[in-house]
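Okay, thanks for coming, everyone. I've got one structure for you today, and I'll just talk through it from the strands outwards. Let me put it up.

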Amino acid sequence: MTGSRNGSATTAHVGCEIFGERENSGPCYLLDSSRPLFRRGDLNVFIISLPKSLEVIRGVRIWHDNSGKSPSWFLNRAMLRDSQTGEKWIFLAGKNELRWFYC
């Protein structure tokens, strides 16, 4: 979820990597050519299909490539949900890290 304060949106391309107990997702790029993404206050939802379960999620790394006219971005939080088990992990964005909570 992109923050709601002025200047929170980004024109940059965003990616992530999910770290599981035994496996990692590898880089995943969060794209959708049919609509603008990561605007101020936006909740963007993506489905990431992986060949096998990552089991217990240990962390996520989210980045952007600084592209476009307004590349700065304020990430408020991110949530991952395993569609097979229903388990959820919420990551709260801080200055230098994402803190996570299991739901």
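**Strands first**

So, β1 and β2 run antiparallel, with 3 bridges joining them. If you want a spot to look at, find Val14, which stands opposite Leu30 in β2. Before I go on, keep in mind that this is a predicted model, so please hear everything I say as a statement about that model.

Now zoom out a bit. What is the strand order in the open sheet? Going across, it reads β2-β1-β3, so 3 strands with antiparallel pairing. That leaves β2 and β3 as the edge strands, each pairing on one side only. As for the twist, neighbouring strands here are turned by 30° against each other on average, if you ignore direction.

Then there's another pair, further along the chain. Strand β4, residues 77-81, is joined to β5, residues 88-93, by 5 bridges, and those two run antiparallel as well. Met79 has Ile90 as its bridge partner in β5. The two strands make a hairpin with 6 residues between them, and in that hairpin Gly86 takes a positive phi near 80°.

**The cysteines**

Somebody always asks about these. How many disulfides does the structure hold? The count is 0. Cys16 is in no disulfide, and the nearest cysteine sulfur, which belongs to Cys28, sits 4.8 Å away. Cys28 is likewise in no disulfide. The cut-off for calling a disulfide is a sulfur pair within 2.5 Å, so at 4.8 Å the sulfurs of Cys16 and Cys28 don't qualify. Are these two cysteines buried or exposed? Cys16 counts as buried, at 5% relative accessibility, and Cys28 is buried with a relative accessible area of 10%.

**Salt bridges**

On to the charged side chains. Side chains of opposite charge can pair when their charged atoms come close. In this model there are 5 salt bridges, and I'll go through some of them.

Start with Glu17 and Arg61: their side chains meet in a salt bridge at 3.7 Å, N to O. This pair links distant parts of the chain, with Glu17 in β1 (residues 14-20) and Arg61 in β3 (residues 57-64), 44 residues apart. Which partner is buried, you might ask? That's Glu17, with a relative accessible area of 14%. Arg61, at 42% relative accessibility, counts as partly exposed. The line for buried is under 20%, so Glu17 at 14% falls inside it, while Arg61 at 42% does not.

Next, Arg58 and Glu21, whose side chains meet at 2.9 Å, N to O. Again the pair links distant parts of the chain: Arg58 is in β3, Glu21 is in the loop between β1 and β2 (28-30), and they are 37 residues apart. Arg58 is partly exposed at 43% relative accessibility, and Glu21 is partly exposed too, with a relative accessible area of 39%.

While you're at Glu21, have a look at Val56, which lies in the loop between β2 and β3. The C-alpha atoms of Val56 and Glu21 are separated by 5.2 Å, even though the two residues are 35 apart along the chain. Val56 counts as partly exposed, at 33% relative accessibility.

One more salt bridge: Lys52 and Glu23, at 3.4 Å, N to O. Lys52 lies in the loop between β2 and β3 and Glu23 in the loop between β1 and β2, so this pair ties together parts 29 residues apart in sequence. Lys52 counts as exposed at 51% relative accessibility, and Glu23 as partly exposed at 32%.

**The pocket**

Last stop, the empty space. Rolling a probe the size of a water molecule over the atoms shows where empty space is left. The largest pocket has a volume of about 1,100 Å³. Which residues are closest to its centre? Of the 36 that line the pocket, the closest are Phe46, Ile48, Met79, Leu80 and Arg81. You've met Met79 already, as the bridge partner of Ile90.

By element, β1, β3, β4 and β5 each give two or more residues to the lining. The largest share comes from β4, with 5 residues. That's my tour, so over to you.

Note on methods: Residues are numbered from 1 along each chain as its sequence is written. This is a predicted model: local features need pLDDT of at least 70, side-chain atom pairs count only at pLDDT 80 or more; totals for chains, interfaces and linings use all residues. Side-chain values use heavy atoms; hydrogens and water are left out. Two strands pair if DSSP finds at least two bridges between them. Helices (H or I, at least four residues) and strands (E, at least two) are DSSP runs, numbered from the N terminus. A salt bridge is a side-chain nitrogen of Lys or Arg within 4 Å of a carboxyl oxygen of Asp or Glu. Buried means under 20% relative accessible area, exposed over 50%, partly exposed in between (1.4 Å probe, protein chains only). Axes are lines fitted to C-alpha atoms, for helices over the stretch in contact, and angles run from 0 to 180 degrees between N-to-C directions. On a 1 Å grid over the protein atoms alone, a cavity is a set of points where a 1.4 Å probe fits but cannot get out, and a pocket is an open set with protein on both sides within 12 Å along at least five of seven lines; lining residues have an atom within 4 Å of a point. Grid points are joined across faces, edges and corners, and a volume is the space filled by probe spheres set on the points.
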